Amino acid sequence: MRSLPARPAAVALLALMAGACAPDRPASQDAHGAVAFNEAAWTAKREADIPADSLGASVKRGLYLLRFTPESLPQYATSGLRCTSCHQDDGIKLSAGSLTGAHARFPQYMSRTGAVIDLADRVNYCFTRSLAGNVLPKESREMTDILAYLAFISEGIPSGYHMSTAAMPKMPTELEGDAARGAQLYVEKTCSTCHGANGEGLGVLPPLWGPRSYSIGASMARIERVAAFIYRNMPQVNPGSLSEQEAWDLAAYINGQPRPDSPAKEFDWPVGGNPKDVPYDLRSGHKAYRPPTLLPRSTPQRAIVPVPPRAGPAAR
Ligand code: HEC
Ligand code: HEC
């Protein structure tokens, strides 16, 4: 093998530059206690980076649980959806509910719950609401593996740091969706060829409504959230080709269709602060926005994630 002769001056200069560029503190606090971190220079690890050791085995299993959720966990993931149906590209795609950094931003106060929840509870919200399935026991091997994968794709992000890409980007404009126009677009824009004429899904292609779809308690059941997903990520073969109005119309059509119920949903946002497009009544006073027909759950008692005790004197 040939190698270039070492040029002492150049080598010394390179070493100096490397030293100057290498961050000696991956995380630091600014004067206000906020964590400083160079998000733009960070990239998530991928499957090929998973180490061949015991932790790597757990990380890999976690990744495969995200990809093959119903096949691997048929008692918990009972619908036609898998984690990667929404968290595309193994949870890494930024426009599709990116999970990178999630491990660093939990525990977190969640206004929908009205309490501080940990990452396993957040995963279980997606099991019970997004997947319309059942609570995965926190102490299970599988939950540990999912958390190991989420930690792996957060490696290098300081604890407490909120990535600017944490939430699915909001729709740039607030519009009214027209469900009748959405029904037409559903065929014209080829949605029906992959998701089925009745939104039922086709083989591994996920359903959009009906008994095997996401429940009314899922974030996606809010018209703005699903419009945001559709606008940036669908149709799968040509993302970015829809106008904002088309995405809202499709969202109005899809979320107006029947879908599984989500038990105890009326206790969401216990102290208010809910978005206006929550499609169900709340005890805190909100009236359902364009409520769909609800389909019964076969194991409703297993679909409720217990609310952790609220912080404060009463908890002691
Ligand atoms: C029907 C779509 C859908 C499915 C399926 C789904 N999720 Fe989610 N998930 C979401 C949405 C939407 C959010 C909230 C993102 C937002 O509003 O910006 C979310 C949020 C999360 C978060 C919190 C992210 C954060 O930083 O706040 C985690 C963790 C998560 N999901 C994990 C999972 C796991 C694990 C699975 C499979 C068991 C799963 N999700 C299945 C749609 C889905
Ligand atoms: C070429 C096939 C294809 C077409 C066309 C397509 N999708 Fe999808 N869609 C998918 C796949 C596959 C997924 C799951 C994510 C993945 O695997 O990347 C998905 C996921 C979704 C999801 C989130 C998961 C769920 O099932 O709830 C929604 C919502 C969605 N598509 C809506 C639409 C809409 C609206 C259109 C038409 C504008 C459309 N899709 C066109 C293949 C397609």
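Buried, as used throughout these exercises, means under 20% relative accessible area, exposed means over 50%, and partly exposed lies in between (1.4 Å probe, protein chains only). The structure is a predicted model, in which local features need pLDDT of at least 70 and side-chain atom pairs count only at pLDDT 80 or more, while totals for chains, interfaces and linings use all residues. Residues are numbered from 1 along each chain as its sequence is written, chains are lettered from A and ligands numbered from 1 in the order in which they are written, and side-chain values use heavy atoms, with hydrogens and water left out.

**Exercise 1. State which residues of α10 are buried, and what covers them.**

Solution. Begin with the chain as a whole, which has eleven helices and six strands; helices (H or I, at least four residues) and strands (E, at least two) are DSSP runs, numbered from the N terminus. Of the 316 residues in the chain, buried residues make up 46%. Turning to α10, nine of its eleven residues are buried, and the helix is thus described as mostly covered. The buried residues are I223, E224, R225, V226, A227, A228, F229, I230 and N233. The elements that cover these residues include α4, α5 and α11.

**Exercise 2. Describe the coordination of the iron atom of ligand 1, and explain why the arrangement is octahedral.**

Solution. First identify the protein donors: H87 (NE2) and C126 (SG) coordinate the iron atom of ligand 1 at 2.0 to 2.3 Å. Donors are N, O and S atoms within 2.8 Å of the metal (3.2 Å for Na, K and Ca), and because water is not among the atoms, sites may look incomplete. Next consider the geometry, for which the criteria are as follows: four donors count as tetrahedral if all angles lie between 85 and 135 degrees; four count as square planar and six as octahedral if opposite donors are over 155 degrees apart and all others between 65 and 115; anything else is irregular. The arrangement around the iron atom of ligand 1 is octahedral because its six donor atoms subtend angles of 88 to 179°. Then place the two residues: H87 lies in the loop between α4 (83-86) and α5 (88-91), whereas C126 lies in helix α6 (residues 119-130), so the pair ties together parts that are 39 residues apart in sequence. Finally, H87 counts as buried because its relative accessibility is 18%, while C126, at 24%, counts as partly exposed.

**Exercise 3. Carry out the analysis for the iron atom of ligand 2.**

Solution. The iron atom of ligand 2 is coordinated by H195 (NE2) and M234 (SD), at 2.0 to 2.4 Å. Its six donor atoms subtend angles of 86 to 178°, so this arrangement is octahedral. The pair links distant parts of the chain, with H195 in helix α9 and M234 in the loop between α10 and α11, 39 residues apart. H195 has a relative accessible area of 12% and is therefore buried, and M234, with 16%, is buried.

**Exercise 4. Say how many aromatic pairs a search of the whole structure finds, and examine two of them.**

Solution. The search finds five aromatic pairs; rings of Phe, Tyr and Trp (its six-membered ring) pair if their centres lie within 6.5 Å, and planes under 30 degrees apart count as stacked, over 60 as edge-to-face and the rest as tilted. One of these pairs, F37 and Y161, is edge-to-face, at 4.9 Å centre to centre and with 75° between the planes. F37 belongs to the loop between β2 (35-36) and α2 (54-67) and Y161 to the loop between α7 and α8 (179-188), and the pair thereby links parts of the chain 124 residues apart. F37 and Y161 are buried. The rings of W209 and Y253 have centres 5.3 Å apart and planes at 75°, so this pair is edge-to-face. W209 lies in the loop between α9 (191-195) and α10 (223-233), and Y253 in helix α11 (residues 244-255), 44 residues apart. W209 and Y253 are buried, and they form one aromatic cluster with Y186.

**Exercise 5. Locate S262 and list the residues that it touches.**

Solution. S262 is found in the loop between β5 (259-260) and β6 (294-295). At 2% relative accessibility, S262 counts as buried. Leaving aside residues up to four places away in sequence, S262 touches R129, S215, I216, G217 and R297, where contact means heavy atoms within 4.5 Å.
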